[in-house]
Amino acid sequence: MSHSSGTPIANAEPSADRAHPQEGTLAIRIEGLCRGFGSGANRLEVLKAVHFEARFGDITMLIGPSGCGKTTLLSIIAGTLSPDAGEGRLEVLGQNLRAMSQGALTAMRAKQIGFIFQSFHLIHTLSCAENVAIPLLIQGVGHGRAIRQARDILDRVGLAEKSFQRPTLLSGGQQQRVAIARALVHEPKLILCDEPTAALDARNGALIMELFGGIVREPDRSLIIVTHDNRIFGHADRIASMDDGRIVELHDMDEQHPLPEHLRHGFHQ
Ligand SMILES: Nc1ncnc2c1ncn2[C@@H]1O[C@H](COP(=O)(O)OP(=O)(O)O)[C@@H](O)[C@H]1O
Ligand SMILES: [Mg+2]
C-alpha cells in the first residue's frame, strides 16, 4: 500500500518498502473485503471491498467519521464478525481467518489477541485482579499464578492498590486502565482498541497512550486503535483514514511527514 505522506490509496496494492524490524511481515492484511447488513431494500453495504494493512511494531490508528465502518472492520479483524461470502483476503497474524474453523478461531483469539472495548466490559462481581486474570484463566493458567500476573500488570498501569477492589468503586479512567491491563496480561501479539480514550479527559487519555507506547511498541506486536480523538493522533506510527466503507488514505507519521492539516481535526461523533 502506498505510504508516502498523504497519498490517497483507494484500494492500492501493498508495498514492500518499509524500514522495520520485521520487514515485510504484516500483522493484518485485508484486501477486497465486503460486509453489509440486512437484505433486500434494507440492505446496507458497510465495507466496500476494503483494503487495510497493519505492520508489526506499529501503532496504527483507524480514523474516520461516525458510521463509516470502523467498528465493523475491527470486529472482522477480531474474528467476532464474518465478512460477506465471496472474494477478499483476511489474514490476521499470518492466518487466513476465512479458512479457520470456529474452534481454531476461538483459540487464536484467546491466546493472541487482546481487546479493549469502548464500554469496558468489566465484571462487577469480580475484583480488578480477577477481571484482569480472565484471559489467563481461559488459557488454563492456574488461579494463583494468574492473579499474581494480573497484579503485576495492574501495578504497571498504576493500580496495584486497587487489585482487590471491585471495578465499580473506580473512576472511569481507572476502569479503562483495568480494561487495558486485562487486554495486555496474556501478552497478545495483536491488540485491538475501539475508542479507548473517548470517555477520558486529556490527562487520562495521554496517560493511556504512554502506557500503550511502553507496553505495546515492540517489534512482534501490533496495536490497532479506532479513534476519532485527535488529541492522540500524535502517538500513531500510521494513520489509516476511513470513509464510507473504504480506507482512503494511509499516512506514515515521522519527522518528515507530520500529520497533514486535513487529518488534524479529528471527527466529532
Ligand atoms: N449489526 C448491525 N446491523 C445493522 N447495521 C449495522 C450493524 N452494525 C453496524 N451497522 C451499520 O453499519 C454502519 C457502520 O457502523 P460502524 O462500523 O459501527 O461504524 P463506525 O464504528 O465507523 O462508527 C452504520 O451505518 C451502522 O448503523
Ligand atoms: Mg464505532
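The paragraphs below lead through a predicted model of a protein chain with a bound ligand, from the overall layout to the two sheets, the ligand shell and a single helix residue.

The protein chain holds six helices and 10 strands, and buried residues account for 41% of its 269 residues. Where contacts link residues at least 6 apart in sequence, 70% of them join residues at least 24 apart. As the model is predicted, confidence deserves attention before the details: the mean pLDDT of the protein chain is 86, with 88% of its residues at 70 or more. Over residues 1–21, by contrast, the pLDDT is below 50, although this stretch has 41 contacts in the model beyond near neighbours in sequence.

One of the sheets is an open one of four strands, in the order β2-β1-β4-β5, with antiparallel pairing. Its edge strands are β2 and β5, the latter spanning residues 95–96, and each of the two pairs on one side only. Within this sheet, β1 (residues 26–37) is joined to β2 by eight bridges in the antiparallel sense, and Phe37 faces Leu44 of β2 as its opposite residue. The two strands form a hairpin with six residues between them, and in the turn Gly38 adopts a positive phi of about 80°. Strand β1 also pairs with β4 (residues 89–92), again in the antiparallel sense, over four bridges. Along that pairing, Ile28 stands opposite Val92, while Arg29 stands opposite Glu91. Helix α1 lies across β1, β2 and β4 and runs at about 60° to β2.

A second open sheet is built from six strands in the order β6-β7-β8-β3-β9-β10, and its pairing is mixed. Strands β6 (113–116) and β10 (246–252) stand at the edges with a single partner strand each, so one side of each has no neighbour in the sheet. From one strand to the next, the twist averages 15°.

Which way do β6 and β7 run relative to each other, parallel or antiparallel? They run parallel and are joined by four bridges, with Phe115 placed opposite Leu192 of β7. Strand β7, covering residues 190–194, pairs in the parallel sense with β8 (residues 222–226) as well, here over five bridges, and Leu190 stands opposite Ser222 of β8. Helix α5, residues 172–184, lies across β6 and β7 and runs at about 170° to β6.

Why is β7 described as largely enclosed by the rest of the structure? The reason is that five of its five residues are buried, a class that requires 20 or more other C-beta atoms within 10 Å of a residue's own. Both faces of β7 are covered, as Leu190, Leu192 and Asp194 on one side and Ile191 and Cys193 on the other are all buried.

The surroundings of ligand 1 lead back to the four-stranded sheet and its helix. The shell is made up of Phe37, Leu44, Val46, Gly64, Ser66, Gly67, Cys68, Gly69, Lys70, Thr71 and Thr72. Phe37 and Leu44, both members of this shell, are the residues that stand opposite one another in the pairing of β1 with β2. The elements that contribute two or more residues to the shell are β2 (44–55) and α1 (70–78), and α1 gives the most, with three residues. Sorted by class, the shell has four nonpolar, six polar and one charged residues.

Helix α1 also contains Ser75. Is Ser75 buried or partly exposed? With 16 other C-beta atoms within 10 Å, Ser75 is partly exposed, since the buried class begins at 20 and the exposed class ends at 12. Leaving aside residues up to four places away in sequence, Ser75 touches Thr80 and Leu81. The C-alpha atoms of Ser75 and Leu192 are separated by 9.2 Å, although the two residues are 117 apart along the chain. Leu192 is one of the buried residues of β7 and stands opposite Phe115 in the pairing of β6 with β7.

Note on methods:
Residues numbered from 1 in each chain as written. Chains lettered and ligands numbered in written order. Predicted model: local features only at pLDDT ≥ 70, side-chain atom pairs only at ≥ 80, totals over all residues. Pairing = 2+ DSSP bridges. Axes fitted to C-alpha atoms, helices over the stretch in contact; angles between N-to-C directions. Contact = placed C-beta atoms within 7 Å. Near = placed C-beta within 6 Å. Nonpolar A, V, L, I, M, F, W, Y, C, P; charged D, E, K, R; others polar. pLDDT = per-residue confidence, 0-100.
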